[in-house]
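Trainee: Could you take me closely through one part of this structure, and then connect that part to what lies around it? I would like one long answer that keeps the reasoning visible.

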Amino acid sequence: MAQASSDAVPRLERRDARAFMAAGGAFATLFLLALPTFGTAYTQNVLIQMFTFVALASSWNIISGFTGYMSFGHVAFFGLGAYTYALLVTRAAVAWPLAVLAGGVLATALAAAIGLTCLRLRGHYFAIATLGLGEALRIAVLGWDDVTGGGNGILLTPVKELVSSYYGMALVAALAIGLSWAVARSRFGLSLLAIREGEIAAGMLGINTTACKLWAFMLSAVVPGMAGALHGRFIGFIEPASIFAVLITVQMAVFALFGGRGTVSGPILGTCLLFLFQEQVWARFPYLHLFIFGLVLVLIVLLMPKGLLGLLEDRGWIAKGVVR
Amino acid sequence: MLSWEYVAQVVVSGLLAGGVYALLAMGLTLIFGVMRVINVAHGEFVIIGAYVTYWAFALAGLSPLVSLVLSIPILFVFGMVLQRVVIKRVIGAPQLSSLLVAFGVSIMIVNVALYVWTGEYRSIPYLEGSLRVGGLAFSRARVVGVVMALLIAAAFFAFLKWGRLGKAIRATAQSREVAAACGINVGRVYTVTFGLGAALAGAAGTLVSFMFSFYPEAGLVYTFKSFAVVILGGMGSYVGALAGGLILGLAEGLSQLFLSSKVGDGVAYVLLVLILLLRPQGLFGGPGE
């Protein structure tokens with residue numbers, strides 16, 4: 001009888017889900033591509049920020065969601081990208097798309113350096129090392145003030161139109177989603193999940209855990225570097241306190257975990273829902289922003305550690321393994 | 001250029017700060033050693049201790065050393081409540097859940113501190129001026145701070161070594177199951193341990209409050225300084241924490257001398273990454289993980 005009653009629950013099955021997601025994805029993509037022709041400046045502004053966080057949350061998810069290694073300093077890559085961009089554009093007059101790419105490259109290089117030192121070790125060492133990373137870069141930027149302008153920041157030439165920022169950020173978000181999709185359906189992605197579920201066992205199966213973790217970390221840094229660069233270009237002014245804000249790391253983590261860690265759609269779903277919620281509700285309590293995020297983080301871990309997608313799966317509303 | 005006296009002064013002054021760093025790390029190492037929980041909210045506990053001292057001084061004119069009798073019990077209770085309400089639920093879960101929960105708690109504390117006490121830099125005008133020994137001058141605040149830190153650490157050791165509860169804590173650290181089989185209430189030990197770890201952080205916060213200026217977000221710096229000390233000395237080792245603290249203090253002093261004062265808190269981070277690279281088990285740890 002128990003069987004029968006659980007069958008009675010309408011459930012999203014594999015084939016329906018594929019068709020539904022493909023149609024929904026195609027529609028959303030077309031709509032978002034066409035939006036600058038009819039959307040207001042406000043809508044575009046909100047969407048640019050949303051793209052930014054989709055890109056960040058999806059990237060964070062590669063190292064922390066798939067691999068289970070918590071990166072508490074991911075904002076370092078974002079900030080490094082922004083500063084790389086600003087310095088190249090203002091000091092060396094590099095074309096802006098190249099400067100954006102350079103932001104991604106430098107962020108990846110930083111991830112390689114940090115990863116080589118602390119990914120040989122277990123997760124808690126990595127968490128600790130990344131926790132200080134954003135702060136260390138902020139101190140470095142402040143200290144190296146004859147180049148970076150220190151606490152005064154860098155003023156960039158204002159970009160008057162929104163369209164380039166809109167499509168640029170959309171492209172970067174698409175890149176992040178594409179990367180995590182490629183990871184999720186590959187053997188490499190399975191290795192990452194195996195590491196998350198039991199690193200010693202994964203090693204016994206012949207997975208080169210250190211190399212996998214290092215690749216995952218580098219992959220998770222490239223898009224944040226580019227997103228940081230585009231963000232700098234979009235807002236036209238960067239300074240250490242806001243570009244290396246702990247809140248940015250918190251946001252990517254919370255968005256990704258809320259949707260569902262280790263999935264492709266989780267971080268997208270989490271960002272869309274929580275970002276809109278944040279715009280509508282939390283914006284009224286600007287002084288408690290960080291507090292609410294902290295609370296949500298604690299509640300997610302205690303009440304739905306697998307995120308929204310995991311919760312729906314456990315309730316039987318989505319068949320297992322359909323939504324990735 | 002660099003006179004001998006000046007170098008000696010910087011070295012000793014760094015070591016003095018290092019004594020306080022050792023106390024800073026002790027609570028962290030206690031909680032990790034017993035509960036295997038990495039408390040990333042440690043620095044925020046330190047900051048709460050510092051603010052308790054600040055307000056006791058500003059509002060009631062209480063001497064910062066006396067306010068240890070406030071900061072220690074307040075943080076002890078705070079730690080115990082936190083353990084009962086939140087941390088308890090993630091012990092035994094994958095280690096990363098406790099990391100995330102502690103991280104969430106830390107940003108909540110920062111936000112409340114910013115909201116209630118504003119982001120202004122605070123410092124306590126107490127024990128200003130310097131102590132002259134031979135041709136050298138040392139900050140009085142640092143000398144008193146390190147003496148208090150060593151006293152508190154000694155009292156804590158005595159408690160762990162001879163106290164009944166201290167023995168129970170050590171037993172639980174060695175083996176949770178065997179301790180439970182011997183009739184130790186492990187849940188209660190965990191609660192007290194977390195409280196004690198927070199209380200040690202609070203005590204360190206009081207000492208820090210009159211040695212350095214602070215603000216709500218400064219907790220992050222203290223968290224990773226504590227981690228640097230703990231990893232230098234080897235996780236879970238108290239003697240190691242003392243040595244690690246002194247090394248960090250010394251490194252900060254020397255880097256100010258030879259590099260620039262701008263590097264400041266970055267030294268702890270560089271040291272942390274270097275030690276992870278070269279000797280992750282700590283200077284005194286065995287082969288380990």
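**Helix 15 of chain A and its surroundings**

Mentor: In this predicted model, helix 15 of chain A is built of 15 residues and spans 21 Å from its first C-alpha to its last, close to the 21 Å expected at 1.5 Å a residue. Its buried residues are A:Leu290, A:Phe291, A:Phe293, A:Gly294, A:Val296, A:Leu297, A:Val298, A:Ile300 and A:Val301. When reading such a list, it helps to recall that an α-helix has 3.6 residues a turn, so residues three or four places apart point the same way.

Helix 15 also belongs to the contact between the chains, to which chain A gives 34 residues and chain B gives 37 residues. On the side of chain A that touches chain B, the elements that give two or more residues are helix 5 (96-118), helix 6 (123-143), helix 13 (246-259) and helix 15 (289-303) of chain A. Of these, helix 6 of chain A gives the most, with 13 residues. By character, the residues on this side of chain A divide into 25 nonpolar, seven polar and two charged.

From the other chain, one residue shows how contacts cross between the two: B:Leu272 touches A:Ala129 and A:Gly132, and within its own chain B:Phe224, B:Phe227, B:Ala228 and B:Ile231, leaving aside residues up to four places away in sequence. B:Leu272 is also named, together with B:Val20, B:Ala22 and B:Leu23, among the residues with the most contacts inside the largest nonpolar core, which has 202 residues.

Helix 2 (residues 42-60) of chain B can be read in the way used for helix 15 of chain A. Helix 2 of chain B has 19 residues and reaches 27 Å from its first C-alpha to its last, close to the 27 Å expected at 1.5 Å a residue, and it is mostly covered, with 15 of its 19 residues buried. After helix 2 of chain B comes B:Gly61, whose phi is positive, near 65 degrees.

Positive phi values also occur in residues other than glycine. A:Ala93, with phi near 50 degrees, is one of them, and its place is in the loop between helix 4 (75-92) and helix 5 of chain A; A:Ala93 counts as exposed because 8 other C-beta atoms lie within 10 Å, where 12 or fewer is the cut-off. B:Thr118, with phi near 60 degrees, is another, and it sits in the loop between helix 4 (95-117) and strand 1 of chain B; B:Thr118 is likewise exposed, with 10 other C-beta atoms within 10 Å.

Further along chain B, B:Gly135 lies in the loop between strand 1 (130-133) and strand 2 (136-139), and B:Gly135 counts as exposed because it has 10 C-beta neighbours inside 10 Å. The C-alpha atom of B:Gly135 is separated by 34 Å from that of B:Tyr238, a residue 103 places away along the chain.

Finally, consider helix 5 (residues 140-162) and helix 8 (residues 186-211) of chain B, whose axes come within 9 Å and cross at roughly 170 degrees. Angles over 145 degrees count as roughly antiparallel, and therefore these two helices of chain B are described as roughly antiparallel to each other. Among the residues making this contact are B:Ala141, B:Arg142 and B:Gly145 of helix 5 of chain B, and B:Leu200, B:Ala203 and B:Leu207 of helix 8 of chain B. The residues of this contact divide into ten nonpolar, one polar and one charged.

Methods: Residues are numbered from 1 along each chain as its sequence is written. Chains are lettered from A and ligands numbered from 1 in the order in which they are written. This is a predicted model: local features need pLDDT of at least 70, side-chain atom pairs count only at pLDDT 80 or more; totals for chains, interfaces and linings use all residues. Two residues are in contact if their C-beta atoms, placed from the backbone, lie within 7 Å. Helices (H or I, at least four residues) and strands (E, at least two) are DSSP runs, numbered from the N terminus. Ala, Val, Leu, Ile, Met, Phe, Trp, Tyr, Cys and Pro count as nonpolar, Asp, Glu, Lys and Arg as charged, and the others, Gly among them, as polar. A nonpolar core is a set of buried Ala, Val, Leu, Ile, Met, Phe, Trp, Tyr and Cys residues joined through C-beta atoms within 7 Å. A residue is buried if 20 or more other C-beta atoms lie within 10 Å of its own, exposed if 12 or fewer, and partly exposed in between; C-beta atoms are placed from the backbone. Axes are lines fitted to C-alpha atoms, for helices over the stretch in contact, and angles run from 0 to 180 degrees between N-to-C directions. Angles under 35 degrees count as roughly parallel, over 145 as roughly antiparallel, 65 to 115 as roughly perpendicular and the rest as oblique. The expected span of a helix is 1.5 Å times one less than its number of residues.
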